[in-house]
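Subject: Structure handover

Dear colleague,

Here is the structure for your files. Please open it next to this message, as the notes below follow it element by element.

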Amino acid sequence: MDFDTTKNLFIEGDNLDALKLLQETYMGKVKMIYIDPPYNTGNDFIYEDDFAEGTDEYLRRSNQMDEEGNRLVANTVTNGRFHSDWLSMLYPRIKLARTLLSDDGVIFISADDNEIANLIRICDEIFGETNFVANFIWEKRTNRENRKVVSSRHDYVVCYSREQEPGGRALKQLPMSAKALANYKNPDNDPRGLWKSDPAHAQAGHGTKEQFYILTAPNGKKHELESGRCWLYTEKVMKKEIADGKIWFGKDGNGVPRIKTYLEAKERGLTPESILFAEEVGTNESAKNLLKELFAGRSVFDTPKPVGLIQTLIQLSCDEGIILDFFAGSSTTAAATLELNAADGRDRRFILVQLPEVVEAESEAYKAGYRSIAAVGMERIRLAGKQILASEQHSKWSRDVGFRILKIDTSNMVDVYYAPDSLDKANLDLFVDNIKPDRTAEDLLFQVMLDWGIDLTLSIEKKTIQGKEVFFVNTPPYDLVACFDAHGGIDETFVKELATHKPLRVVFRDAGFKDSAVKINVEQIFKLLSPVTEVKSI
């Protein structure tokens, strides 16, 4: 969707493979990660015993055997490695995710009581205990579950920073809510603008002796401190603040002294609290109803997270930059990102990764025509994007609601099963072209972009030069120019024309050169005509 212009990515495939492939391009560039991994509840989860199985095997259902005899398991509570299997699945993924975070980046991980203690232990190991930020309690429901011994009303969202500076703030303050803004008034027509009053005293244990005194109001009334309290300011400073009209004594002047806090004095925000209330961020039920409404009344996903919850986490961590979710599910993270961009005009973009996990034939998603969770997630982004574009938006918003779809696959290179001493001329002829026959030029292009660490969302323009298809990545000076012609038509004249564009990198297909002399001379041609260009052939 909007493949040529969008800055967003949806990657379909095993997230462990995806995280490995993204290392070169996005290491240290991700501002915020949110993941909602499968809760270890004793039900099936589609990760194989040794956690090294490919996408095709993942698509086979639980408790079935693949051709090699590997079993896809239901991680039941009777399994002797019940916790270990889940943690073994999650640990390498979080480990790889940490390297993608920027120095000031943060990660949020949803969990429930089953694994919260173990999750914190592995995160302490991966990020370090000093980078623990918070374990938020999210009020996921407001109704009571009478079927259970104890009704579970909350889940957790654990937060860690990549590198928390001593004394620094790992998280931003939340924007002022309408309720918070309503506290700011100006009953005395103060020229400094709207203000609210805050206590003028503090705990005595933190005060100096200069903060203990009897305060005299402008009308002469004496105000004594309560036991265990001290004034926020020394007497000298307090008198100055009173003279400046910054201390409020009530409309009649007889009230308890309070300090004026001005709305415009500095950038105001709300310090996040450890409890994320349903009224403010939504519940599982409200999220499910919203998704149902988006999909014309069909309940296509059982346990989506609410958009409000993810938006709150984004506001705490990311005004711009890349947001990564490698357990994408119903793509709530994408919808939250797009809605927030439309509301505040910021430039955030998402990378989502989702395994093409098949949906049950009895499910509403299957009946609606979706065969995998990934398909549901992609459609959710499309529908949410259309809805957002039809709503009122910030004037500076980019209106980018598209996403590039990429799929994890095996290498584009032909597999070689011959030992060196078993190769004869007939066998060697098989490898004149080392690219698998079913691979497209676009497949090769994105492989090269990954190898060279080039942003996968850069603009790509396809041109025809001397009858050959050439890809130009980004705007001049081009990050990459690529020609994957395989018909032996690349000669020195063609190479010289490409060199006139002076790209940072250029790549050719080995089978595309007219002869070995042209291949040998390519680097020399670029050294002469475009010395900044790095040359490669595959």
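I start with one residue pair on two neighbouring strands: Ile137 stands opposite Ile275 in strand 13. Please keep in mind throughout that this is a predicted model.

Strand 4 and its partners

The pair just named belongs to the pairing of strand 4 with strand 13 (residues 275-276), which is parallel and has 2 bridges. Strand 4 (residues 132-139) is also joined to strand 5 (residues 154-161), here by 7 bridges and in the antiparallel sense. In that second pairing, Trp138 stands opposite Asp155 of strand 5. Strand 4 therefore has a parallel partner in strand 13 and an antiparallel one in strand 5, and both senses are possible because strands of a sheet pair through backbone hydrogen bonds, either parallel or antiparallel.

The chain as a whole

The protein chain has 17 helices and 21 strands. Of its 538 residues, 46% are buried. Among contacts with a separation of 6 or more, 69% are between residues 24 or more positions apart.

A three-stranded sheet

An open sheet is made by 3 strands in the order 6-12-11, with antiparallel pairing. Its edges are strand 6 (195-199) and strand 11 (247-248), each of which pairs on one side only. Strand 11 is held to strand 12 (residues 258-262) by 2 bridges, again antiparallel. Across this pairing, Trp248 faces Arg258 of strand 12.

Cysteines

How many disulfides does the structure hold? The count is 0. Cys123 is in no disulfide, and the nearest cysteine sulfur to it, that of Cys159, is 10.0 Å away. A disulfide needs the two sulfur atoms within 2.5 Å, so a separation of 10.0 Å rules out that pair. Cys123 counts as buried because its relative accessibility is 0%, where the cut-off is under 20%. Cys318 is buried too, with a relative accessible area of 0%.

The cavity

What did a search of the whole structure find in the way of cavities of 30 Å³ or more? There is 1, and about 60 Å³ of space lies in it. The residues that line this cavity are Leu290, Leu294, Val307, Ala335, Glu339, Arg380, Ala384, Gln387 and Ile388. Three helices each supply at least two of the lining residues: helix 9 (284-294), helix 11 (332-344) and helix 13 (373-389). Helix 13 gives the most, with 4 residues. By class, the lining has 6 nonpolar, 1 polar and 2 charged residues.

One residue in helix 15

Gln447 lies in helix 15 (residues 441-452). Is Gln447 buried or exposed? Gln447 counts as buried, because its relative accessibility of 17% is under the 20% cut-off. Apart from neighbours within four places in sequence, Gln447 is in contact with Asn412 and Met413.

If you want a short route through the model, begin at strand 4 with its partners strand 5 and strand 13, go on to the open sheet of strands 6, 12 and 11, and then look at the cavity lined in part by helix 13.

Regards

Terms used: Residues numbered from 1 in each chain as written. Predicted model: local features only at pLDDT ≥ 70, side-chain atom pairs only at ≥ 80, totals over all residues. Heavy atoms only, no water. Pairing = 2+ DSSP bridges. Buried < 20%, exposed > 50% of the residue type's maximum accessible area, 1.4 Å probe, protein only. Contact = heavy atoms within 4.5 Å. 1 Å grid on protein atoms, 1.4 Å probe; cavity = no way out; pocket = protein on both sides within 12 Å on 5 of 7 lines; lining within 4 Å. Points joined across faces, edges and corners; volume = space filled by probe spheres on them. Nonpolar A, V, L, I, M, F, W, Y, C, P; charged D, E, K, R; others polar.
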